[in-house]
Every structure is written in structure tokens, then in C-alpha cells.
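The following exercises concern a predicted model. Please work through each task with the sequence and the structure at hand before reading the solution.

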Amino acid sequence: MYICKFHARGVNLKLAFPFLLTTFLCRVVLAPVTRERSYGNVPQPHAILYYSQRTSKGGFLITEATGVSDTAQGYAHTPGIWTEEQVEAWKPIVDAVHDKGGVFFCQIWHVGRVSHYDYQPNGQAPISSSNKALTPQLKSNELDVAEFSPPRPLATDEIPIIVNDFRLAARNAIEAGFDGVELHGAHGYLLDQFMKYSVNDRTEHYGGTLENRCRFPLEVVDAVTKEIGPDKVGNKAITFGAHAEAEDCDPEALGLYMAEALNKYSILYAHYVEPRIVKSEGQAETNHSLLPMRTAFKGNFISTGGHTKETGNKAIVEGSADLIAYGRQFMANPDLPKRFELNAPLNKYNRGTFYTPDPVISYTDYPFL
Ligand SMILES: Cc1cc2nc3c(=O)[nH]c(=O)nc-3n(C[C@H](O)[C@H](O)[C@H](O)COP(=O)(O)O)c2cc1C
């Protein structure tokens, strides 16, 4: 996946990602992958090894989703970045990635209704765009079922409070040493719950039309770019997906609207999930493609979802993406770029241990070549 070709885009890759100009051009990104090993929502020292194992000189890494506030959590042991303790705990992890020449963005999220009273302060109801409850979902180990508590819709005058939480989390990420943040606008979490027609049933100016449904996510983009600078901001979206029952009636229009709206903020990159990824696992046949969004967006474009080395290379050569983010394969192959370079066989990922809290097993013990 080392391709000696730049694409003439509105934002020049050479300027935006100077680290690409190392001895080879690395287009393999570590996708954000939740691992549920941050006990008490505090990143742990074992993450130093995990992330540094996956760092190569000039490589671009995105952290697992990281909570912006104490209402942002919906899973056990996911990290946060809203307290001083969390910021301090991220610092040695970021340093380890930088020491190996990597570029590291922190993905920040709020899960919204994908939560339970047990994860909320004082056992309160999770927040969302609506009061529509999420039905229980089978977990990735295909044994356990996750239950969700009925959410309460955010009042209009509460929305600026959540926007501010994202702003402060971005500030904290820079304080922790990260090179930037990625806004998690995908997979049915809070920003997606506002964007998607199936969840957002609001009647004021945050609901109804496409423009209204995208208002809150774009207010977050606005606040975060003003706080830390647009060259330090990326945005992840999954307009075609139906994760956590967040689905749109016109996903292509949504994807295009967001791509064009993001141009106004000149953010560093847009990260889109391929239309073949409909739910968390498996892939579907589709006639849709990310090309219209890639064409509309003027910055760097990251594609993720079900890529092999071959499909990733094809996307880069055809110009349908600038970078490819690999999730499951990078999780199981700490030296994935090297393996791609050498055409070496890949370790298989173990789905049953994606989210087990062990600090070593299926975390830092996947073998190198
Ligand atoms: C165990 C697991 C955890 C994930 N956690 C996140 C996450 O925290 N944030 C996010 O944006 N995507 C998350 N994803 C999605 C990945 O970033 C990626 O988009 C997806 O796995 C598709 O890429 P792949 O086919 O290369 O795995 C997760 C995926 C897996 C398998």
C-alpha cells in the first residue's frame, strides 16, 4: 500500500500530511477500534504497548472512541478525555506513538442512546435526538445481548452544552499531545442519531429537513475547528449504514450534504464508511459507492470498511480515496503495513475477544511477522 502518486485535490496531501513524504508514502491508517480495556474510563499503561506496536514511521493512527463527558459512555471500560486524570493518562500513550514517528488523532464521541442507566451519572436516562429506544442487540461474541435504556430527547437549549463538551474534549486532546481529533459521527451514536431520519423525530430546527438534522453535528465541527484549528480535525460518517438502528431515507443525499458542508470548515479529512458495511459485521452487496462524496469533499478522504490490501490499493490508484483505514486486520496484525509491503500472510482476528477486558490477550499478543 505504498503508492508514489499524489492526487491534485483542494487540500494538497503534501501540505496537509507532510508525514506522507517519508521514504515511502504510507496510506494505511489504524482505524478507530474500541477495545474496552480502559478501566474506570481511564486509559491504561497497556495501551502504550498496543498503540506503539501499531505505529510505523509516518503512519497515521486514530484512537478508539473516547468519551467527551460523563454522559458519553455506553460500554464498559471505554476511555474518556474529560478529566485531568484521563488527559494525564493519555500523555505517555501519545508520546510512545510520537517516539516511533507516528501521527495520532483522538477519536471523540458521545454514544447518546446507545447506553444504559448503569453507564450514566446517577443512573439517569441516556440522551438522544428523540425518546425512541434502541432494541436489544446481539454482541459481537454472538452470545450476549446488550440492553439499552430508553433515552430522553435533548432540550433545544441543552444542545450547546454538548457542543461545548466536544470543544473541551478537543482542547484536552491537544493538551494530551494528540495531533488532532476525529469526530465520531458514525455507527448510530449521538451525532448520527441527529443526522439519521429513523432516529431524529424532532420538530424544531434540529429535526425534519436534511439541513436541520445536520445542524448539531456541524455545530460540533464549527466549535472544534475554532478551538483547535481545522487542520487538526477529521470527521467520520456512515451515511449508508444502519448501525444501532440509525438509518437514513436518502443516504447518498446525506453523505453529499455533509461532504459539501464540511468543505466550509476546511477540515483536514473526511472519513467515510463504505456502503457495503451495513451493520457491525458482514458485508452486503450494493450499487452505491463513496465516489460522489469523495468528489464533493475538497480535503483528504479516508475510506474504511471491508478493505483488503487489493481493494485498498485499487481505491488509491483510482483516486476514490487518499487513505484506507483498516480496523479488524490492523487489530490482529500489529505490523499490517509491513505485511502488505511484503505480501505476507495475515493473522486472523478473534471476534470473541474484541471487547474482553484483558490487558494482553487478543490485545498486545497478536504476533509480528
Ligand atoms: C471491535 C471493533 C471496534 C470498533 N470501534 C470503533 C470505534 O471506536 N470508532 C469507530 O469509528 N469505529 C469503530 N469500529 C469500526 C472500524 O473503525 C472500521 O470502520 C470497521 O471495522 C470497518 O473496517 P474493517 O473492515 O477494516 O474492520 C470498530 C470496529 C470493530 C471491529
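**Exercise 1.** Determine whether Ser 303 is buried or exposed, and identify the polar contacts of its side chain.

*Solution.* Step one is to place the residue: Ser 303 belongs to strand S12, which spans residues 300–304. Step two is its accessibility. The relative accessible area of Ser 303 is 2%, and the cut-off for a buried residue is under 20%, so Ser 303 is buried. Step three concerns the partners. The side chain of Ser 303 forms a polar contact of 2.5 Å with the side chain of Glu 274, and another, at 2.7 Å, with the side chain of His 307.

**Exercise 2.** Explain why the count of disulfides is zero, using Cys 214 and Cys 249.

*Solution.* The chemistry comes first: a disulfide covalently links the sulfur atoms of two cysteines. The criterion applied here is a sulfur pair within 2.5 Å. For Cys 214, the closest cysteine sulfur is that of Cys 249, at 11 Å, which is too far for a bond. Starting from Cys 249, the closest cysteine sulfur is that of Cys 214, again at 11 Å and too far. The count of disulfides is accordingly zero. The surroundings of the two residues may be added: Cys 214 is buried, at 0% relative accessible area, whereas Cys 249 is exposed, at 54%.

**Exercise 3.** Describe the setting of strand S4 (residues 103–109): how many of its residues are buried, and with which strands does S4 pair?

*Solution.* Begin with burial. Seven of the seven residues of S4 are buried, so the strand is largely enclosed by the rest of the structure.

Next, consider the side-chain directions. In a regular strand, side chains alternate between the two faces of the sheet. In S4, Val 103, Phe 105, Gln 107 and Trp 109 point one way, while Phe 104, Cys 106 and Ile 108 point the other way.

Finally, list the pairings:

- Strand S2 (residues 60–62) runs parallel to S4 and is joined to it by three bridges; Phe 60 has Val 103 as its bridge partner in S4.
- Strand S3 (residues 66–67) pairs with S4 in the parallel sense through two bridges; Thr 66 has Ile 108 as its bridge partner in S4.
- Strand S9 (residues 180–185) also pairs with S4 in the parallel sense, through four bridges; here Ile 108 stands opposite Leu 183.

**Exercise 4.** Locate Arg 113 relative to S4, and state its accessibility.

*Solution.* Arg 113 lies in the loop between S4 and strand S5 (127–128). With a relative accessibility of 3%, Arg 113 counts as buried. As a further reference point, the C-alpha atom of Arg 113 is 27 Å from that of Ile 267, a residue 154 positions apart from it along the chain.

**Exercise 5.** Which residues come nearest to the ligand, and how much of the ligand's accessible area does the protein cover?

*Solution.* First, the shell: 18 residues surround the ligand, and Pro 32, Thr 34, Gln 107, Gly 306 and Arg 328 come nearest. By class, the shell comprises eight nonpolar, eight polar and two charged residues.

Second, the polar distances. A polar backbone atom of Pro 32 is 2.7 Å from an oxygen atom of the ligand. For Thr 34, a side-chain N or O atom is 2.6 Å from a ligand oxygen atom. Gln 107 has a polar side-chain atom 2.8 Å from an oxygen atom of the ligand.

Third, the coverage: on its own the ligand has 600 Å² of accessible area, of which the protein covers 92%.

Key: Residues numbered from 1 in each chain as written. Predicted model: local features only at pLDDT ≥ 70, side-chain atom pairs only at ≥ 80, totals over all residues. Heavy atoms only, no water. Near = heavy atom within 4 Å. Polar contact = N/O pair within 3.5 Å; in protein donor to acceptor, adjacent residues only side chain to side chain. Areas by Shrake-Rupley, 256 points an atom, 1.4 Å probe, with all protein chains shown as cover. Nonpolar A, V, L, I, M, F, W, Y, C, P; charged D, E, K, R; others polar. Buried < 20%, exposed > 50% of the residue type's maximum accessible area, 1.4 Å probe, protein only. Pairing = 2+ DSSP bridges.
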